[in-house]
Amino acid sequence: MSLKSRIQDTLESIESKIEGPPPAPSAPSLPQDDPEHAVRAARLRAARQEYNYTEVDELPGVPLSDGVPKSEDPDIAWWIKFAAIFAKLLENRLAIGMTDDAEDEHNDLIKKLVGVKPGSDTSKLPALFDLVRAAKAEGIEGRPINLQSYTDLFRTLPLPELALVWPHDETFGWLQVAGFDPMVLQGIDAVPEGFDVTDADLAAVTGEGDTLGAAGPERRLYLADYGALRSLTNGVFPNASKYVYPARALFALPCGEGPRVPLPVAIQCDPDAGSAVFTPADGKAWALAKTAVTSAAFAFHEASSHLGRTHLIMEPFAVSTRRQLSDRHPVYRLVLPAVEGTIYINNLALGSLINDGGSIDKAFGGTIETIRGASAAIRLATDFNGLAVPQNIADRKLDDPRLVNPWRDDASLVWEAVADWVRAYIDLYYADDAAVQADSELRAWALEIASDTGGRLQGFGDAPLGAIRSKATLVRMLAIAVYTGGPGHATVNFAQRDTLMYPPATPTGLFRAAPTSVADAARNPELDYLPPLDIALTAVETTYELGSMYYTTLGGYSPGWFGDPKVDEPLKAYQARLEEIEAIIDRRNLDRLLPYTFLKPSLLPASTNI
Amino acid sequence: MALFKRPPTPLSLPQDDPDPGGRERGLNAARADYRYTTLDHVAPVPTNDGVPLDAYPAFGWLALALQLAIRLVENRIQLNLDPDGTAEQESLLDDLKSLARKGERADTDEAHDALGRAKEGTAGFEGGRPTSFEDYANLFRTIPLPYVAEDWTDDSLFVHLRVAGSNPFVLRGVTDPADVFTDAMLGRASPGDRLSLAAAEGRLFEVDFAHLADLERGVYPDASKYCGSPRALFVLPRGRGQRPMRPVAIQVEQPGGAVFTPGDGEAWLVAKAFVGAADAVVQLYDSHISRVHLVAEPLLVSMHRQLSSRHPLHRLLAPSFEGTRFINHAGVDSLKDGSGYDGLYAPTMTGDLSLLIDARQDRRFCDAMFPAWLQASGATHPELEFPYRDDVGLYWSVIRRFVAAYVGVYYPSQEVLRRDAELRAWALEIRADIGGRMPGLGDGAFGQITTVENLIDTLTMTLWLTSARHAAVHFGQENILPFHPAAPGALFRAPLADVPQAEHNPTLDFFAPLETALSQLELNWFFGALRYTRVGEYDDGWFSEPAVVDALAVFQRELEEIEATIEERNRHRSRPYELLLPSRVPRSINV
């Protein structure tokens, strides 16, 4: 059997074996109803030995688990899947071509990676992964000759569809509502000061006679603002000047009837510096300005929408749930599957993704220190309530049905299903608000998550301190947590593979300073703004690695996990609803500009584990 | 191409394949062989990077090629090259004959090598200037003299070549004739007629090569070459029934060049020759290579890259591309400075290639579909004898019926089609800048195919382009283009400024030296006589779905009807048009 088919078979054979955490031992109960106070207390004391908060220099102020407790080690099924992905990366490198010696070495590595099986010692695997990441692909270095040089990076890895459609303005708009980061676009009433856009600029895109004065009140103006990136410093690692801009892009809905994709009207790369405003009439300068925006969007995506607002938000739930809720607590059983693998993966990311000299450092425009700093600041400033989908849509003024927004439409369905399930589950255990207030473990849990000495999560629980006083608050907090750990993270994570994997469309940074004028753009070849090939390959591989790792499924708990037959009925209803949503999204995709698959329930893991 | 012998696996759409892993592995393997690249001399027109092993010609093709090479070399030997040259050709002839005798046991590398030597051609033949037009006919020793040689100076042949020649794609209906043409000129061709009336009645036609004025003229190998930038006006005289048009006048150079009419004697003959030369340049680089071969190229490259061999559309399309990658590689590769083609055509190779590149970049796939082309041509007058138009249209309808039946079997609804991610990727990639760079394919925002109707049109276009449309532009290489005086790729004296100048410039001097004429003969005839496979014919068992098998039987019967229809039409036409007889139309572009 060929190596290729072995990798494939390994991948396939483990599809059926995905399991959640091991079944909980006994029937759930609230502390006030559990006669075995002492047993509960003793087990919590033991858990608190293992689970503690700490801070690290790299992410100032962000509460993290102090070390990775033994029980946080991933399941073997996770390792098998992850190892198979690295084998795929090597397979691609082999197809690119290398010397015989290197080929033998790579084939050995692939054998080791696809040889991981139940019972394998996984302790050496992270080192093996680092080896793969560090291995140089032969002939992949230096500047590209043309765009084909980037296409050639995809030998056995799939060339994403975005590569075929990215130069269109419509694609640029589509990415804001159905791309790698649909969490940025916001409706605006008027164009922000300093962003000099004229009625003529608008009308050229939206239709003759249109004016900013009309479009604003009609809710046809939208803004993607990456101003949070102004704290970044441009990097030079490993060996060339790189740039990232706190860019902003104005979008508008064309005049007319029916739902429309927002189209880009104008871009300003460096608002603080009062830089030039480019429009579609500017030809090459416009194309480069769009690239400046997508590279900024990539940086913002990783620092904010991905790391800052999912991974680092979920960490306190992973820590405090262990520290404050007995494993008999019904909320423990609801929350734990939503944080399976989170402590481990966050720790891994710190050590081998956003580490000094790691792939983000190498690939991105900003220095790694300032990227991490921006991520930490965003995490600490995030209002937890803003992560609830309806609230988020309202905050960003995205509710106009004329705005085509697949993220909004699909996320709303999934959110509702999650919230309904959480409500039904909580109804099983809490008769009324009094029962919530009488739950001492829950109180300690919530206070710790909200506390400055604990999880530092803004807006968590009820004011002022973050305790949870009502069923309604409890349901909302849990729904946000379950949604953010699973679908919320999946929205931004899996889109990496399809919409961040093609470097010319979404470079990790600019490799020449953004154009200052049409004349400046004319002087510089378009290719020079794109990454050198080794950095491009790093970006391809990292987005593939992260975006291909599907482990666990939303709503799919292991048998007996809840230890309570009462749960069966609402759980079945939840699972049935997710299946319906799958069909609804499939149906919607038939009529969309391109399919939007990142919120299909079958592709949503239960937790942030990659 | 053994892969055409037996279909390997049952067909399925990607959304229904029980083995997606195996499917992906198959596609990955194909993607290693099929990758877009841009060759410098035709940039940015995309082609595949290299010739994959499965794209080399089948034995049947090689056997035909060897037979033709034998005849080519025999012809050459009869021409009495110098003694050394003859000895070399005789040894080549022995090699070719021995390979041909070995049949399937012949070593294919040796066969390709021998064919290459045969095609290298006429080295050693120094014919020099002809002493009469007979000299051109005398180049045909064992190769039959083309029918056009018989009366190549006749106006009726000049008309025939516009509507049933190698390049019948450029004739246009004229609604607003240029002011260099007058009613008086028209009156000689159509007594009592007026330009405004003829235009209003759709009876005025032209071929216009104004854009050639911008192309730099070449001197390769050793003489100044010309093709003018002519425009020729034709009229369909008033009358009844289908009838041929007549030439009215020719302006040899635009803008501002002299206008010649049929009464101008030798000067008229020269003017017609310039139309022939311009037509030949456009025929090869625009109508033929650019709009057929290089349009088929991305359709086939993306078929391999994006449609699994289990995909029903891969099964439908693959036979239409048999041999195409191989011949495109050879064809595009040979378009270099100093090549055989460089010597035959008037513009410099850079000029020729700019024609090719522009035609490929600017023309929309959908506009080249027969109904759209016909509409845009404006040459729709039903009484105009226009054999190409009438015969090629028969194919469009018949192929479309077959394709519609086929598509109906696998895409019972629009929904099924929109769920087909491989189909989407196929169309997107053909259109994309990093893919096939083909404007006008698909009906979605980015070039996706979103409706069953558009899919049927796209596939019909593909099957039609690779069979009938290619045959129409290619097979004139057998018995039109080899005869230099009727279809010169270049003329060797500058256009006449007026009629009296003709007296000081003998007509014969406009035509090529004999070695160039021989090179034109050989380059054209070799591939022009090679007919491999036949439209509508597929290997036994290639299609197995009963509804498809039935549809194929209908398709084949309708092709037989086309054969009969064309034969019947030819009995009434002023000259027969045989390029589109289904029995002579291959299924794929393999030459």
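This is a short tour of a predicted model, going from the confidence of chain A to the contact between the two chains and then to two places inside them.

Begin by selecting chain A and colouring it by pLDDT, which averages 94 over this chain, with 96% of the residues scoring at least 70. Now select residues 1-8 of chain A, where the pLDDT is below 50, although this stretch has 19 contacts in the model beyond near neighbours in sequence. Continue to residues 10-20 of chain A, where the pLDDT is again below 50 and where the model shows 18 contacts beyond near neighbours in sequence.

Next, show both chains and look at where they meet: 27 residues from chain A and 21 residues from chain B take part in the contact. The area buried between chain A and chain B is about 2200 Å², and carbon and sulfur atoms give 54% of it. Between the two chains there are 6 salt bridges, and 8 residue pairs, both at pLDDT 80 or more, are in polar contact.

To see which parts of chain A face its partner, select helix 1 (3-15), helix 6 (147-151), helix 7 (162-165), helix 8 (169-178) and helix 24 (568-590) of chain A, each of which supplies at least two residues of the side that touches chain B. If you colour that side of chain A by class, you will find 11 nonpolar, 7 polar and 9 charged residues. For a single pair across the contact, select A:Glu161 and B:Arg424, whose side chains meet in a salt bridge at 3.0 Å, N to O.

From the contact, move to helix 9 of chain A, residues 199-206, and select A:Asp201, A:Leu202, A:Ala203, A:Val205 and A:Thr206, which are buried. What do the buried residues of helix 9 pack against? Adding helix 10 (212-215), strand 4 (221-225), strand 5 (248-252) and strand 6 (263-268) of chain A to the selection shows the elements against which these residues pack. Then step just past helix 9 of chain A to A:Gly207, which takes a positive phi of about 130 degrees.

The last stop is in chain B, where B:His474 has its place in helix 18, residues 452-474. Is B:His474 buried or exposed? Its relative accessible area is 1%, so B:His474 counts as buried, the cut-off being under 20%. To see what surrounds this residue, select B:His288, B:Phe527, B:Gly528 and B:Val591, which B:His474 touches when residues up to four places away in sequence are not counted.

Key: Residues numbered from 1 in each chain as written. Chains lettered and ligands numbered in written order. Heavy atoms only, no water. Contact = heavy atoms within 4.5 Å. Buried area = accessible area lost by both parts, 1.4 Å probe. Salt bridge = Lys/Arg side-chain N within 4 Å of Asp/Glu carboxyl O. Polar contact = N/O pair within 3.5 Å; in protein donor to acceptor, adjacent residues only side chain to side chain. Helix = DSSP H or I, 4+ residues; strand = E, 2+ residues; numbered from the N terminus. Nonpolar A, V, L, I, M, F, W, Y, C, P; charged D, E, K, R; others polar. pLDDT = per-residue confidence, 0-100. Buried < 20%, exposed > 50% of the residue type's maximum accessible area, 1.4 Å probe, protein only.
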